[in-house]
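Me: I'd like to understand the labels used for this protein. Could you take me through them?

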Amino acid sequence: MKLRCIIVDDEQIARNILKKYIGDVSTLDLIGEFKNALEVLDYIQNHPVDVMFLDIEMPKLSGLNLAKIIENKIKVVFTTAHREFALEGFDLSAVDYLLKPFSFDRFLKAIQKINPNLSNSTVISTPVIDHVFVKADKKMVKINFSELLYIEGLGNYVKIHTIENTLIVYEKMSDLVLRLPSLSFMRIHRSYIINTKKIKTYTKEYVEIKKRHIPISLTYRNSLLSFLEKA
């Protein structure tokens, strides 16, 4: 029997990553996704849910307060970029606490706490994609992830910086980031996505990639620094 799952997170990128992870485990069934906790309160009145992947910092009603309201009626896995909420999360009997960005292996460990019988046979293998095609100069150009340094936003265009050259592409940053592997590429500023494997040095204010100092905005600082501390 599959576990009925829902995702509660106000960030579309985070929801997309979780949807991909859930889709790769045959014993999980995603039955809903929500941008805020208030929507969930109405939904769970009429729909049985086994597992909730729950962000903590959300507008109007936080994930911690939602967990208090449902009182252990649903197994909760917290997903957040802020480690300071971990203790309170476990006090609410959460199954696990996933610190963003988290890998598929770490996600599986959380699922195994819910279902100890989960085996490798329940994981659906998917082909590894190591590139993306973008449209530039009226043709589709292949960009290998290993050669991509960083991406700079220019309104409805992006400037893609690779080891060998630079391309101007008609595509929004918000759309392009969804086509990149989340464990290697991170948005660190409204105008920048970086390949974390290409960072040479960093401070709280910037990362250095190929002698270019790329600013880190306050919005993304904690999640980036947390990621780099674990790298």
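Reply: Happy to; below we go label by label, with the cut-offs beside the values. This is a predicted model, where local features need pLDDT of at least 70, side-chain atom pairs count only at pLDDT 80 or more, and totals for chains, interfaces and linings use all residues. Residues are numbered from 1 along each chain as its sequence is written, and side-chain values use heavy atoms, with hydrogens and water left out.

Me: Why is Glu84 called exposed?

Reply: Its relative accessible area is 55%. Buried means under 20%, exposed over 50%, and partly exposed in between (1.4 Å probe, protein chains only), so Glu84 at 55% counts as exposed. Glu84 sits in the loop between strand 4 (75-80) and helix 4 (86-91); helices (H or I, at least four residues) and strands (E, at least two) are DSSP runs, numbered from the N terminus.

Me: Why is Leu154 called partly exposed?

Reply: Leu154 has a relative accessible area of 38%, which lies between 20% and 50%, so partly exposed is the right label. Leu154 belongs to strand 8, a strand that is mostly covered, with 6 of its 7 residues buried.

Me: And what makes Thr166 partly exposed?

Reply: Thr166 comes out at 44%, so the in-between class applies to Thr166 too. Thr166 is found in strand 10 (residues 166-169).

Me: How do you know that strand 8 and strand 9 pair?

Reply: Two strands pair if DSSP finds at least two bridges between them. Strand 8 (residues 148-154) is joined to strand 9 (residues 157-162) by 6 bridges, and they run antiparallel, so the requirement is met. Within this pairing, Glu152 has Lys159 as its bridge partner. The two strands form a hairpin with 2 residues between them, and Gly155 in the turn has a positive phi of about 75°.

Me: What makes strand 8 and strand 12 a pair?

Reply: They share 3 bridges in the antiparallel sense, so they also satisfy the rule of at least two. Ile151 has Ile193 in strand 12 as its bridge partner.

Me: How do you know that strand 6 and strand 7 pair?

Reply: Strand 6 (residues 131-136) and strand 7 (residues 139-144) have 6 antiparallel bridges, so they pass as well. Lys135 is bridged to Met140 in strand 7. These strands form a hairpin with 2 residues between them, where Asp137 in the turn has a positive phi of about 55°.
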